[in-house]
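User: Please take a close look at the second largest pocket of this model. I should like to know what lines the pocket, and then how the nonpolar cores are made up.

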Amino acid sequence: MQASAIEFRLRMMISTAIIVLGFWSPWIEPLGLGQRRSVIAWLALNLARMGVASFATSTAIAIVLGALVALLAAAMRIWGTAYLGSTTVNHAQMRSGKVMASGPYRYVRNPLYLGSWLMAAAMGFAMPPTGALVTLVLLTLFLLRLILGEEAFLRKQLGEPYEVYCTSVPRLFPQLRSGLPSGGVQPQWGRAVLAELNPVSVFAALAFFSWSYDNWLIIRVILVGFGLSLVVRALLPREPDGITAAA
């Protein structure tokens, strides 16, 4: 069940491929699954049919819901990256230093993977319903493989301190309070925002461009944000070794 070293190295490419598959949804026409409407349109239509609200109000509800998920994803990714460090987050290999117990890592062991899942869920609002479902199922399985692989690596590298950390902090569902003292790591907020332009662009696409009711425009904004995030990540100077710690 654990991810291999190659899967970890190619984690961004694999995650991207899963998300592209969700947007593409090549099975819709062959299986006769109807129109290629987005989850926003599908949800609005069904809420209106159930009499929850008018179609216009139901569309607004769907857009706001998607934007809130995207906002939570961006906040989680930025918060985690600010404490762990963009160099470690984007490194091609697993790294260990000391147990991270600052920022979001006091409440959940994998805030970045949780943020990635939420970001995919937010993008799912612009996918066909079956595409969103397939994306979330495949991505959930892949992220769990990555998490189990990292945990095995960190247990081997860090030993008892990491075991104690694992018993104190949940893997994926954040606890509301933490009994752990802060690790004293200073967050790098500016670098984190620059390194996480991708979830920020997803939030912008859903919060501001969804009101055009042009799903292709939403997708284009997400694509532009993804491309820009790759450029910015490549240009960000590396942080000095040792300022980040294991998650």
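Analyst: In this predicted model, two helices, H7 (111-123) and H8 (129-158), each contribute at least two residues to the lining of the second largest pocket. Helix H8 gives the most, with 4 residues. The pocket has a volume of about 200 Å³. Its lining consists of Tyr113, Leu114, Trp117, Thr140, Leu143, Leu144, Ile147, Leu172, Phe173 and Pro174. By class, 9 of these residues are nonpolar and 1 is polar, while none is charged.

Turning to the cores, the largest nonpolar core comprises 29 residues, and the members that touch the most others are Phe23, Met123, Val202, Leu206 and Ile222. Two or more residues of this core come from each of helices H2 (11-24), H4 (39-49), H5 (55-84), H7, H11 (197-209) and H12 (215-235). Among these contributors, H5 gives the most, with 7 residues. Helix H7 therefore appears in both descriptions, as it supplies at least two residues to the pocket lining and two or more to this core.

Leu206 may be examined individually. When neighbours within four places in sequence are set aside, Leu206 is in contact with Ile40, Ile63, Gly66, Ala67, Ala70, Ala122, Phe125 and Ile218. Apart from the largest core lies another core, of 18 residues, which includes Ile78, Val89, Tyr162 and Cys166. As a general tendency, nonpolar side chains in soluble globular proteins tend to be buried together.

Key: Residues numbered from 1 in each chain as written. Predicted model: local features only at pLDDT ≥ 70, side-chain atom pairs only at ≥ 80, totals over all residues. Heavy atoms only, no water. 1 Å grid on protein atoms, 1.4 Å probe; cavity = no way out; pocket = protein on both sides within 12 Å on 5 of 7 lines; lining within 4 Å. Points joined across faces, edges and corners; volume = space filled by probe spheres on them. Nonpolar A, V, L, I, M, F, W, Y, C, P; charged D, E, K, R; others polar. Core = buried A, V, L, I, M, F, W, Y, C linked by side-chain atoms within 4.5 Å. Buried < 20%, exposed > 50% of the residue type's maximum accessible area, 1.4 Å probe, protein only. Contact = heavy atoms within 4.5 Å.
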